[in-house]
Amino acid sequence: MKTKLRIFKIVATHLSFTKAAEQLFISQPAVSKAIRNLEDEYRTTLFLRKRNSIALTSEGKAFLVYTNKILEIHDEMEQRFLHQKEQFPDIINFGVSTTLANYIIPKVIAKFRVQFPKTNFNITSGNSDDITTLILNQELNFGITEGKNTNRKLHFTQFIKDEIVLVTHATNNAFKKGSINMETLQEIPMVVREMGSGTREIVFEYLSRNNIKKLNTVVTLNSTEAIKNYLFHSDNYAFISINAITDELMNNKLKIINVKDLTIDRWFYFVSRTGFQSDLMRFFENYILNTYNF
């Protein structure tokens, strides 16, 4: 039953038998058969089937609510008893915002697997909005994001502190003193992250506090790596996490430009649905905080 419910949930998420089959690595007929079995078992129609698309029926929407509750309870049972026996699932799924996924979490996972080599990880990365949406939709149980929001359906716990700094190519000598003021900041050509990015949100929040409503944005890119690669070939500027540029600073590829009277600090947060309980999640959070040197 658990397998069929998971198949139903993924089909309902994508509204596509084909995409569900691809995600599950099974055939489309197998997906269709699982859905038919559920419809026969519960004597209802879960999906309206059209020529090129499907949609949830009203019964299907109600069925999805129960499916989410059942799968969440089942996951909690597995995590509770697996943890009690000092074991872990074969695979741990969680979400991570982009900066963390690229520069921090890989080091954490590598160290974790030295101690627990039988545990594999399936990590979903995206901007902070992407990860919190997946958690709210119960497609992920927990994650780590850049910053937090005010949604009461989400619970946030502080992870580590980060600083966002203004950087440019190391050969850019426009400001020989390595420092600029707020007025100049509004004039220089800036590369910024996309809407929904936690980094973008916190940067503009701090700028707003300092009465800066707009930057001279010339390029918008959807990852820190893309921004860094752009900066290697231009004399533009960008706000980037200090954790993301350690190697570039050491290898003299990028440099920090100080902005007078502006310091942008933020926290990375563990995030889960409000009320979600998981011994595995708590153990994993404590493991990261207690064993990784930040």
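This passage walks through the nonpolar cores, the packing of three helices and the setting of one serine in a predicted model. Residues are numbered from 1 along each chain as its sequence is written, and side-chain values use heavy atoms, with hydrogens and water left out. Because the model is predicted, local features need pLDDT of at least 70 and side-chain atom pairs count only at pLDDT 80 or more, while totals for chains, interfaces and linings use all residues.

A good place to begin is the interior. The largest nonpolar core has 36 residues; such a core is a set of buried Ala, Val, Leu, Ile, Met, Phe, Trp, Tyr and Cys residues joined through side-chain atoms within 4.5 Å. Here buried means under 20% relative accessible area, exposed over 50%, and partly exposed in between (1.4 Å probe, protein chains only). Phe 94, Leu 100, Ile 144, Phe 159, Leu 231, Ile 240 and Phe 284 touch the most other members. Helix α12 (residues 279–291) supplies the largest share of this core, five residues; helices (H or I, at least four residues) and strands (E, at least two) are DSSP runs, numbered from the N terminus. Beyond residues up to four places away in sequence, Phe 284 touches Phe 94, Ile 109, Phe 112, Phe 121 and Phe 142, where contact means heavy atoms within 4.5 Å. A second, separate core of 20 residues includes Ile 188, Ile 202, Val 203 and Leu 215.

Attention now turns to the N-terminal helices. Helix α1 (residues 2–14) packs against helix α3 (residues 28–42) at an angle of about 110°, their axes 9 Å apart. Axes are lines fitted to C-alpha atoms, for helices over the stretch in contact, and angles run from 0 to 180 degrees between N-to-C directions. The two helices are therefore roughly perpendicular to each other, a term for angles of 65 to 115 degrees; under 35 counts as roughly parallel, over 145 as roughly antiparallel and the rest as oblique. On the α1 side the contact is made by Lys 4, Leu 5, Ile 7, Phe 8 and Val 11. The axes of α1 and helix α2 (residues 17–24) come within 8 Å and cross at roughly 130°, so α1 and α2 are oblique to each other. Ile 7, Ile 10, Val 11 and His 14 of α1 meet Phe 17, Lys 19, Ala 20, Gln 23 and Leu 24 of α2.

Finally, Ser 125 lies in strand β4 (residues 120–126). Ser 125 is partly exposed, with a relative accessible area of 48%. Apart from neighbours within four places in sequence, Ser 125 contacts Val 96, Ala 101 and Ile 131.
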